[in-house]
Structures are given as C-alpha cells and as structure tokens.
Amino acid sequence: MNKCQASISNQSPYLDTRIDVPGVVSALDTLLADMEAFSGDKKDDEKAKDLETKVDLLTDKLKAAFDPKTDMTNFRWSLSEPDVVHCAGCEKVISSKSVLVGEDSFHESCFKCFHCGVRLESRYYQVQGNNYCEADREVALPLCSSCHFPLQSGSLTVSGVSFHPHCFVCTICSNPIMGKFITREDGRYICEEDYKQSKEKCDHCGLPMLDRVLTAIDKKFHPSCFRCCSCDKSLDGVEFLVEGDAAYCADCYNMSKGLVCHRCGKGIVAGSTKKTTIITCESNNYHQECYLCLRCGKSLVGQHVFMDLLDKDVICGDCHK
C-alpha cells in the first residue's frame, strides 16, 4: 500500500495568483491620479461625466484582471484608449506585426519597393521619402546633366543643373573645372584660365586685359603698361608725345629733341604753361617770353641782338654799348 499525503493549497478561490497585488494597488493609485487630472480645465458637469466614464472603464479592467481566463501578458492598465497605428502603405489599422521605418509604420506585406513593388525584407534605400530595393536604388536618383547617369554622393549643382564633379568641364580645354569659372551666353562654362586667354592681350606685356583697357597710338594696353619709352614713367592720364610708334613723356621728348629753353631750362614743346612759340638764336632755343636781354630784361622779339661772350646769352643793343 502506498502512503499518500494530502497537500493543502493556500490559493484563494477568488484571487488569481498570477496577479501581482502590490502592482495592482500601485496601478490603481496611478489611475485614480490620472482621473483627477484628466479634465482639469473642464466644467463641473463635464468633469463628472468624464469621471463616471473612467470609473466604468476601471471597473471593467478590474473584472478582467481578476478573471483567471484573462491573458495578463499584454494587459494594459491605462485608462486611456490605446494608440491606433495606421500603415503608411495601405493606411489601414495595424493590429499585428509591423515594420517601423523612421516615423512610419507598415504592415510587413505593405513595406514594398516604390518602383517594382517587391516586398522589402532586408536592405533598402530611401530617396526623397520613398523606399527602394537594392536593384532599383538608382531609379529615383537625379541624372547628371552631362553624362545622364545617376548622381550619387559628391555631385555639384550650378544654377540648378547637377553634374558629377568629373563631368563639369571647361568648354575650351575640356578639363574638369576645379575653381572659378565663367558662364557664356550659350550656357556653357569656361575655366578661369581659358577665360583670361580669350580676352585681348596688352601690346606691352602680352597678358590678357580683364579690366580697364587704355587705347593709344593704335594699340591697346593695361593702363599701368602704357609708359614712356625713355624713362618708363606711367603715361596713364598724363600728357605724352609720340615719335614714330614710341610714346614719350613731355620731359623726355624735350630732352631727346633738344627743345629746352636756354634761359629757363624748361621744355618748350610740351609740359609747360608757357607759349610754345620757339625762338632760335645762335643754336639756342627760347620761349618767346624768355627771349629777353640778359642784363636789362627788355624783350628782344623783333630786335637786333648781341651775344654776351662771357655768359653766352643774348643782350640788347643798349646794354652792348
């Protein structure tokens, strides 16, 4: 005969031991606090109605919690209605497994390639808010305006037109443009170097003229390159004289031509406020107003003159006596 020992169970016929009683009490305290704060800014009658609705909902939840048949695994104590999640693909309510993509949720069967419609199960690509499979990842990419192949990372945009960096080339030299460039009237692009070479060249230095152009003696110059052929003084904005195809400043022209007043030592032809009438006597040149007796200062214009042998300069007849 086998001995049997009776066992006594402490389980109450009215309480399901699956329920954590302290947890239930804590949840009830939280629910009651939620009820008090639920309609804090409503009128009294509206508060009463809200409170009544909350009490009814709490009663139903308590009955369900103490029912042994209730699955407590995903039991929700909150008095608020559960959030309803809609599929971003079909816009229907999601009640089973879902796929979360950024802030959007999808049914597993609705998470598809935007182009071919195949279900996306592993790797996918997102372009402009749409999802694509790996095979179609380049379908929605913008195209290079030069080669018409898809643009991925590292593209550049010029006036709303996009290019691969190696496709953005100079119209003249066909090299990729890496720095400054010029847009022609026909919409094509020229690198800075070729733009410079396309401009007129200075007749003095041979370099392109990009800004001001000075035109003189049927030639074109940088303003800083138009200089006296003798002393290299800049002639930009000043008086100059021309001998053949060479330009001179006033001083150099007078010195080279010997047109310097014997009396005052200044140029006669140009660079002077004096009259340019030239009087020559004994191989010496004079301004008209400088042609005076060396001793008394009387004008000798139209007079018979004598040469002071000591000073090698002209004197009048009275001073010669």
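Hi everyone, this is a short walk through one protein chain, from its overall make-up to its core and its largest pocket. Please keep in mind that what you see is a predicted model.

Let's start with the whole chain. There are 321 residues in it, and 27% of them are buried. Along the chain you will find five helices and 16 strands. If we take the contacts with a separation of 6 or more, 15% are between residues 24 or more positions apart. As for the surface, the chain exposes about 22,500 Å², with carbon and sulfur atoms supplying 50% of that.

Now, the inside. In soluble globular proteins, nonpolar side chains tend to be buried together. Here, the largest nonpolar core is made of 17 residues, and Phe 226 and Leu 235 have the most contacts inside it. Strand S9 (214-216), strand S12 (246-249) and helix H4 (250-257) each bring at least two residues to this core. S12 gives the most, with four residues.

Have a look at Leu 235. Which residues does Leu 235 touch, leaving aside its neighbours within four places in sequence? They are Phe 226, Arg 227, Cys 228, Phe 240, Ala 247, Tyr 248 and Cys 249.

Finally, the pocket. The largest one has a volume of about 200 Å³. It is lined by 14 residues, and the closest to its centre are His 204, Phe 221, Cys 225, Arg 227 and Cys 229. Strand S10 (219-221) and S12 are the elements giving two or more residues to this lining. By type, the lining has eight nonpolar residues, one polar and five charged.

Notice that Arg 227 has come up twice: as a contact of Leu 235, and among the residues closest to the pocket centre. Thanks for listening!

Notes:
Residues are numbered from 1 along each chain as its sequence is written. This is a predicted model: local features need pLDDT of at least 70, side-chain atom pairs count only at pLDDT 80 or more; totals for chains, interfaces and linings use all residues. Side-chain values use heavy atoms; hydrogens and water are left out. A nonpolar core is a set of buried Ala, Val, Leu, Ile, Met, Phe, Trp, Tyr and Cys residues joined through side-chain atoms within 4.5 Å. Buried means under 20% relative accessible area, exposed over 50%, partly exposed in between (1.4 Å probe, protein chains only). Contact means heavy atoms within 4.5 Å. On a 1 Å grid over the protein atoms alone, a cavity is a set of points where a 1.4 Å probe fits but cannot get out, and a pocket is an open set with protein on both sides within 12 Å along at least five of seven lines; lining residues have an atom within 4 Å of a point. Grid points are joined across faces, edges and corners, and a volume is the space filled by probe spheres set on the points. Ala, Val, Leu, Ile, Met, Phe, Trp, Tyr, Cys and Pro count as nonpolar, Asp, Glu, Lys and Arg as charged, and the others, Gly among them, as polar. Accessible areas come from the Shrake-Rupley method with a 1.4 Å probe; for residues, only the protein chains shown count as cover.
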